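Q: Please examine one part of the structure shown below in close detail. How does this part fit with what surrounds it?

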Amino acid sequence: MPTPNHLSHLKHLKDKPKTDEYITPDYAVKPILAYIKPSMRVWCPFDHEDSPFVRLLRENGNEVIHSHIEDGKDFFVYEPDSYDIITSNPPFSKRMWVINRCYTLNKPFMLLMNMTGLFDNRKRFETFKEKGVQLLVPQGRVTYLSRSGEKTQSPMFQSVYVCRDILPHDIEFATMPKESR
């Protein structure tokens, strides 16, 4: 459960500039479709109805529950009644809070995150070592989109899917379409 200070911070997130919310392009969502079976009910907790995660998973045959803090469904306090897996692109600035919440929910997850500094903190390192972690590493860098759908500058970091209990091996590699690199 998040601390009161953390909840207070999240309560005001929707009033802050959207500098930590970027849209994942289709090509970066497609690699997860090889691991999420169409029979799985998927929760996308940081997504609107038109999110590439929601759209592509539905096209894959999945039942998808989407939620977003702007709709009053704060990931740190809201949980759908029934789902099999969590996937999304959460705010990078809150990645360890998100990962810890996923571990608490005890469901498989695939979260697209900035790999820079992911393992350099002792507490994070110990969390991953103790609770287990898998990585789906896409080829190349992901160029995210602004909320208006425009490409942003190519980031200086590699994005990976931080996963648990979904991949056949602890590290998997995914090829992304050539036009995305």
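**A close look at helix H4**

A: Just after helix H4, Asn106 takes a positive phi of about 60°. The model under discussion is a predicted one. H4 itself covers residues 95–105. Eight of its eleven residues are buried, so H4 is largely enclosed by the rest of the structure. A residue is called buried here because its relative accessible area is under 20%. The buried residues of H4 are Arg95, Met96, Val98, Ile99, Arg101, Cys102, Tyr103 and Leu105.

The next matter is what encloses the helix. The buried residues of H4 pack against three strands named S1 (41–44), S3 (85–88) and S4, and also against helix H5 (122–131) and strand S6.

H4 also contributes to the largest nonpolar core, which has 22 residues. Two or more residues of this core come from each of H4, strand S4 (109–114), strand S5 (134–138) and strand S6 (159–164). Among these contributors, H4 gives the most, with six residues. In soluble globular proteins, nonpolar side chains tend to be buried together.

Within the core, the residues that touch the most other members are Phe75, Ile86, Val98, Ile99, Leu111 and Val162. Two of the buried residues of H4, Val98 and Ile99, are among them. When residues up to four places away in sequence are not counted, Ile99 touches Leu111, Met113, Phe128 and Val162. Apart from this core lies another one, of 21 residues, including Val29, Met40, Leu56 and Val64.

Notes. Residues are numbered from 1 along each chain as its sequence is written. This is a predicted model: local features need pLDDT of at least 70, side-chain atom pairs count only at pLDDT 80 or more; totals for chains, interfaces and linings use all residues. Side-chain values use heavy atoms; hydrogens and water are left out. A nonpolar core is a set of buried Ala, Val, Leu, Ile, Met, Phe, Trp, Tyr and Cys residues joined through side-chain atoms within 4.5 Å. Buried means under 20% relative accessible area, exposed over 50%, partly exposed in between (1.4 Å probe, protein chains only). Helices (H or I, at least four residues) and strands (E, at least two) are DSSP runs, numbered from the N terminus. Contact means heavy atoms within 4.5 Å.
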